[in-house]
Amino acid sequence: MTFIKTQFSSADLENISGIKAHTIRIWEKRYDLLSPKKAARNIRLYDMYNMQKLLNVALLNKYGYKISKIAAMGDEEIFSTARDLVDKNAENDKVLTDFKLAMYSFDQYMFQEVYERLLEKRTFSQIFVETFIPLLDFIGLLWQTDSIQPVHEHFISNLILQKIHLNTVQLKTPERDAKVFVLFLPENEVHELGLLFMNYELQKRGFRTVYLGRSIPIENIKDMFETFSEITFVSHFTMVMEESMLLNYFKNFERLLKNEKHRFWGVSHQMNAIDMVPFDKIAIFASVKDVILKEI
């Protein structure tokens, strides 16, 4: 049995498709594009089919199809034209649309089908950077607009998690004397996908990694000093923090490393928005992509 979120509000459609609710209403009234049901207090509710149709309409409109031309198509033509719009410019948009639908309909078969199609042209690393990271960013925006439930995020995140683990276990075990990276999330951080992907990328390059996981107190890091003489610590900050708190964390970590050979890499999307204090032992990155592009 497939469990499906069956009803979406106008606000949901706006947040998911990127098309303003007012514009959706005009398209609906002028072109009879969607078929909502009216609930109490005249609230319009849309089913999964209408959401899927709107996502395909939004894709076609983004790539130059006038709304009047789209409206003249039958539903099957809209869906087939969107499927055909998979050139180098539109492919990732279509893929993201399909992954969104898989998430909302809890359809692991659709997820796997799209993923396998991507693997025909791309490596796992390319898929993660070009598709999974934008998808996870999109999910973050949905949280801010209250258009997603925890079950949706957990469903899609666990499918991505499975792919990271599958690809990681297939890697060759690094040499014992290889450069050491210790990866962890700070206290109260629980979103591991970005950190797990960095772990995969480092192992793929032949480095030795020690993965500590979620919510590690900074004081516990000192325990690693007795085992390894030179470590690069890597941490990922996904929660929005006050600038002072983030900078204090980095300052405390640098004090911890003061008399050691170790270094620390911090990854936070907030780095583009705050003025950084120069550090001797700490490198700050604005994204996971920036880390994996770094020459080590």
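**Close-up 1. Contact between helices H1 and H3 in the predicted model.** In this predicted model, Leu13, Ile16 and Ser17 of helix H1 meet Met51, Leu54, Leu55 and Ala58 of helix H3. Sorted by class, the residues in this contact comprise six nonpolar and one polar, with no charged residue taking part.

**Close-up 2. Geometry of the packing of H1 against H3.** Helix H1, which spans residues 10-17, packs on helix H3, which spans residues 48-62, at an angle of about 40 degrees, and the axes of H1 and H3 lie 10 Å apart. Angles under 35 degrees count as roughly parallel, and those from 65 to 115 as roughly perpendicular; H1 and H3 are therefore oblique to each other. The crossing in which H1 passes H3 is right-handed.

**Close-up 3. The salt bridge between arginine 44 and glutamate 28.** The structure contains 10 salt bridges, and one of them pairs arginine 44 with glutamate 28, where the closest N and O atoms are 2.2 Å apart. This pair links distant parts of the chain, since arginine 44 belongs to strand S2 (residues 44-45) and glutamate 28 to helix H2 (residues 21-31), with their positions 16 residues apart in the numbering. Both partners, arginine 44 and glutamate 28, are buried.

**Close-up 4. The salt bridge between arginine 122 and glutamate 130.** Here the side chains of arginine 122 and glutamate 130 come together in a salt bridge, with an N to O distance of 3.2 Å. Arginine 122 has a relative accessible area of 12% and is therefore buried, the cut-off for this class being under 20%. Glutamate 130, with a relative accessible area of 36%, is partly exposed, because its value falls between the limits of 20% for buried and 50% for exposed.

**Close-up 5. The salt bridge between arginine 205 and glutamate 201, and a network elsewhere in the chain.** The side chains of arginine 205 and glutamate 201 form a salt bridge with an N to O distance of 3.7 Å. In this pair, arginine 205 is partly exposed, with a relative accessible area of 34%, whereas glutamate 201 is buried, with a relative accessible area of 5%. Apart from this pair, Arg25, Glu28 and Arg44 are joined into one network by salt bridges that share partners.

Note on methods: Residues are numbered from 1 along each chain as its sequence is written. This is a predicted model: local features need pLDDT of at least 70, side-chain atom pairs count only at pLDDT 80 or more; totals for chains, interfaces and linings use all residues. Side-chain values use heavy atoms; hydrogens and water are left out. Axes are lines fitted to C-alpha atoms, for helices over the stretch in contact, and angles run from 0 to 180 degrees between N-to-C directions. Helices (H or I, at least four residues) and strands (E, at least two) are DSSP runs, numbered from the N terminus. Angles under 35 degrees count as roughly parallel, over 145 as roughly antiparallel, 65 to 115 as roughly perpendicular and the rest as oblique. A crossing is left-handed if the near helix is turned anticlockwise from the far one by less than a right angle, and right-handed if clockwise. Contact means heavy atoms within 4.5 Å. Ala, Val, Leu, Ile, Met, Phe, Trp, Tyr, Cys and Pro count as nonpolar, Asp, Glu, Lys and Arg as charged, and the others, Gly among them, as polar. A salt bridge is a side-chain nitrogen of Lys or Arg within 4 Å of a carboxyl oxygen of Asp or Glu. Buried means under 20% relative accessible area, exposed over 50%, partly exposed in between (1.4 Å probe, protein chains only).
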